[in-house]
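Here's a quick look at how far to trust this model, and then at its aromatic rings. Have the structure open as you read.

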Amino acid sequence: MGKRKEKRRSFSILSLVVVALFLGGAGNASAGGGGDAAAMAELSRSLTNAPSDWKPGSDPCSPKWTGVSCSGGRVIGINVRGVGLAGTLPSSLSSLTSLQSIFLPGNQLSGPLPSLGGPATLQEIFLDGNLFSSVPTDFFSGLSGLQKLSLDNNPLSPWQLPDSFADCPFVSVSLSNASISGALPDFFDRLVSLQSIRLSYNNLSGPLPSSLSQSPIGELILNNQQGPKLSGTIDVIGQMSQLSLLWIQSNAFSGPIPDLSNLTSLQSFNARDNALTGIVPTSLTAAATLQNVSLSNNHLQGPMPKFSTSVSADIDKGNNFCLPQAMPCDIKVMQLLAVAAGFGYPSMLAVSWTGNDPCGGWFGVFCDQKGNIVTLNFANQHLDGFISPEIANVTSLTKVILKNNSLTGVIPNSMTSLPHLQLLDVSYNQLSGDIPNFASTVTVVKTGNSFGSGSSGGGSSGSTSAGSPASSPMDGNGESKSSKGIIIGTVLAVLVLVACLACGVYYLRRKKKMEKLKRVQMATFPEQLEQVKIGNGAVGSQLYTDSSNVESTDTTIHLDNNENVISMQELRKATNNFSEESILGSGGFGVVYKGVLSNGIKSL
């Protein structure tokens, strides 16, 4: 009997424990459901035009609210698309600790986005096409499970991608027309699962970050940035081996298209409306998987590329291909483009170097009358990069002027093979190494570089002290055309001024001399004789004349207004034909003669 009582007592205790555990579990479940119900009730109250069965106080999972997904009595998804929902999203959504997805696109939701750092289970957020005004700085914090995000087409205040963005295990991100500004952060090597990112129609600027080369991104969409736009080279694209779609149109990218041989899955390449230069690489034209390409409105050079007939190509508008058809360029064009490749195909050369004749006005290129390229002058053009060994293929060169740039590397040994080279001016760059052994007829100007102590050329290694003047058109000798014009204009102005001064001095001296040798005033009238005034007194009158100006005409000098006048014949007679014996002296009015008139009157 004692044993039976003991067994009954043990059974009763065990039953009580089971009942307690059951009641405790039910209580916990009820508490969890109550938490979700409270959060969903607050969401319902913050919205207008919510579904009619979203009634605060009711269980959103039993019966299930429209657009709400549940599992085990917990809310795991909210999916209400394009039904005109208005209002705001409350921060209480972060208490839905089992929530996996929020789909509320195409509504009229407004206000700031809520911080959703609570539910680590949240994997998808689609809030595109609404009226949200801002993104909180901690929006991405704690979302350690977020894989998909879409905030397209929201009138957000300007914001930048925070560092916490890279802590999310994103697979796809779409933030088009979402007011993102600033530079692209260099954190893409941390986004090891990212396959697609769309950041078009924002206000991004600056270069592409180098970390893109370590990203598995297959679709990179950065087109149509507003404002400053993305810029710099696109070299990093050549290292994105998983890339299948690239849209970078309507930006400010420059430089050449890189080698794309590693992009074995490339299907779409859209880079139109930029400032790309250089030759289109064969790795793009020969890409086996390529389906469409758009390159119009750049500064691409060399031969027009030819793509497979299966490729939809937009390439023929707004570029600087040497010919309007897919045909080879002149050999001189290709030689010069190989030189420009060392400088990174600078835009200022790409804009000027048009057509198929380098002697037709290409910037920095000077030819002789036979069409041979004799001078390359790229002084003061802010060039970087290096001197390409391919420059030796332009065998007619006599002068190469590269002073006042930022070139690095060494002077290529191949330049010593240029048979006609006379001058190489590389002063004021950042070159290093040893100067090759040029012929004694070659002058190498090397000042302002970091050549090694053993650097010495076969020819003269003179240095210049020219500074770094602003860029200006150059002639074949490295002189600024505008400077020459100023000098010539100044010299001409000085010469004209000297000539004017000389003429003025000559005129004044001549005038003074003529006043000393001035003739006696005469007037000749038809059918009248020449008249000479000699004074008013009958005696002691003075005659002012000059024997060198006396003509042998038989003129009669008569009286005007009762003044004494004498005939020229009588004057000759009175002065013995103006003989030297009759000269008394000379004065301001000429030579003074002594004479005796026929009436016996002496006249001076």
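## Confidence

The protein chain has a mean pLDDT of 83, and 77% of its residues reach 70 or more; pLDDT is the predictor's confidence in each residue, from 0 to 100. Two stretches to keep an eye on are residues 454-461 and 516-563. Residues 454-461 sit below 50 in pLDDT and have 26 contacts in the model beyond near neighbours in sequence, a contact being heavy atoms within 4.5 Å. Residues 516-563 are below 50 too, with 86 such contacts.

This is a predicted model, where local features need pLDDT of at least 70 and side-chain atom pairs count only at 80 or more, while totals for chains, interfaces and linings use all residues. Residues are numbered from 1 along each chain as its sequence is written, and side-chain values use heavy atoms, leaving out hydrogens and water.

## Aromatic pairs

Rings of Phe, Tyr and Trp (its six-membered ring) pair if their centres lie within 6.5 Å; planes under 30 degrees apart are stacked, over 60 edge-to-face, and the rest tilted. That rule gives 12 aromatic pairs. Take F165 and F170: their ring centres are 4.7 Å apart with planes at 35°, so they're tilted. Both are buried, meaning under 20% relative accessible area (1.4 Å probe, protein chains only).

F165 also pairs with F187, centres 5.9 Å apart and planes at 15°, so this pair is stacked. F165 lies in the loop between β9 (148-150) and β10 (172-174), and F187 in the loop between β11 (181-183) and β12 (196-198), 22 residues apart. Strands here are DSSP runs (E, at least two residues), numbered from the N terminus. F165 and F187 are both buried.

## The cluster

F139, F140, W159, F165, F170, F187 and F188 make up one aromatic cluster.

Notes: Buried means under 20% relative accessible area, exposed over 50%, partly exposed in between (1.4 Å probe, protein chains only). Helices (H or I, at least four residues) and strands (E, at least two) are DSSP runs, numbered from the N terminus.
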